[in-house]
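User: I would like to see the terms used for this model set against their cut-offs. Please take them one at a time.

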Amino acid sequence: MKPIALALAGILAASQAVAERLRFLQGWFVPRPDLRGTWRVELQSDWKNPETDEVIDPIVAYLVVRQTFSTLSVRLLTAESASELVAAEITKATDGTYRLAAVYRNEPKLAVRDRSPIHFGAIVLDVQGDPVTGLSGHYWTDRNSRGEIRTLDRNGTIAESFNDAQRLLPDRK
């Protein structure tokens with residue numbers, strides 16, 4: 001019995017891996033849009049620098065999405081920190097559009113934790129296009145900051161770090 005169960009599990013896993021890449025199965029066999037890859041994003045925070053009382057300039061960051069038929073992993077990488085989803089759900093509205101809603105944990109590098117402590121937040125991103133051409137939405141944190149986020153570019157390769165992402169999708173400023 002065990003060899004048959006292993007073979008069936010292997011066939012199922014292989015068919016899911018193929019099915020999630022076939023566009024015509026999106027929304028039918030694959031119940032959510034394909035967000036995989038590395039996205040260059042712009043974050044515009046409402047946080048004000050306490051020394052100048054001015055809102056900071058937009059920040060370029062990278063959203064790294066790993067996705068299978070049954071899993072979703074999203075990391076937001078900046079020069080100073082990395083965020084990882086604690087919980088997430090992609091929902092489909094009655095008009096057929098999709099939205100990603102998630103809670104995340106942000107862990108700044110040790111060198112900046114005196115001014116940027118570890119914190120939690122939430123994010124809501126509307127999925128644009130079919131196939132997906134972009135994501136945009138807003139976020140808020142338990143540090144009483146909030147802001148807007150929008151994607152600027154996408155590469156199908158999964159970046160492992162902020163520097164990897166910069167090499168894949170350089171900032172065009």
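User: What makes β5 and β6 a strand pair, and how many bridges join them?

Analyst: This is a predicted model, in which local features need pLDDT of at least 70 and side-chain atom pairs count only at pLDDT 80 or more, while totals for chains, interfaces and linings use all residues. Residues are numbered from 1 along each chain as its sequence is written, and side-chain values use heavy atoms, with hydrogens and water left out. Strands are DSSP runs of E with at least two residues, helices are runs of H or I with at least four, and both are numbered from the N terminus. Two strands pair if DSSP finds at least two bridges between them. β5 and β6 have three bridges, so they pair; they run antiparallel. One of the bridge partnerships links Arg75 to Glu84 in β6, and a hairpin of three residues connects the strands.

User: How many bridges make β4 a partner of β1 and of β5?

Analyst: Seven bridges join β1 (residues 37-45) to β4, and six join β4 to β5 (residues 72-77). Both counts meet the requirement, therefore both are pairs. On the β1 side, Leu43 has Ile59 of β4 as its bridge partner. On the β5 side, Gln67 is bridged to Leu72, and Tyr62 stands opposite Leu77. β4 and β5 form a hairpin with four residues between them.

User: What makes the set of strands a barrel, and in what order do they close?

Analyst: Eight strands close in the order β1-β4-β5-β6-β7-β8-β9-β10, with antiparallel pairing. From one strand to the next the twist averages 30°, on axes that are lines fitted to C-alpha atoms (for helices over the stretch in contact), with angles from 0 to 180 degrees between N-to-C directions. Within this barrel, eight bridges join β8 to β9, and Gly121 stands opposite Thr141 in β9.

User: Why is Arg36 called buried?

Analyst: Its relative accessible area is 16%. Buried means under 20%, exposed over 50%, and partly exposed in between (1.4 Å probe, protein chains only), so Arg36 is buried. Arg36 lies in the loop between α1 (2-19) and β1. In β4, seven of the nine residues are buried as well.

User: What makes the link between Arg36 and Asp34 a polar contact?

Analyst: Their side chains are joined at 2.6 Å. A polar contact is a pair of N or O atoms within 3.5 Å; within protein, one must be able to donate a hydrogen and the other to accept it, and residues adjacent in sequence count only if both atoms are side-chain atoms. The 2.6 Å value is within that limit, so the distance criterion is met.

User: How much space lies in the largest pocket, and which residues are closest to its centre?

Analyst: The space is about 830 Å³. Of 31 lining residues, Ile59, Ser81, Ser116, His119 and Arg143 are closest to the centre. β6 gives the most to the lining, with four residues.

Definitions and conventions: 1 Å grid on protein atoms, 1.4 Å probe; cavity = no way out; pocket = protein on both sides within 12 Å on 5 of 7 lines; lining within 4 Å. Points joined across faces, edges and corners; volume = space filled by probe spheres on them.
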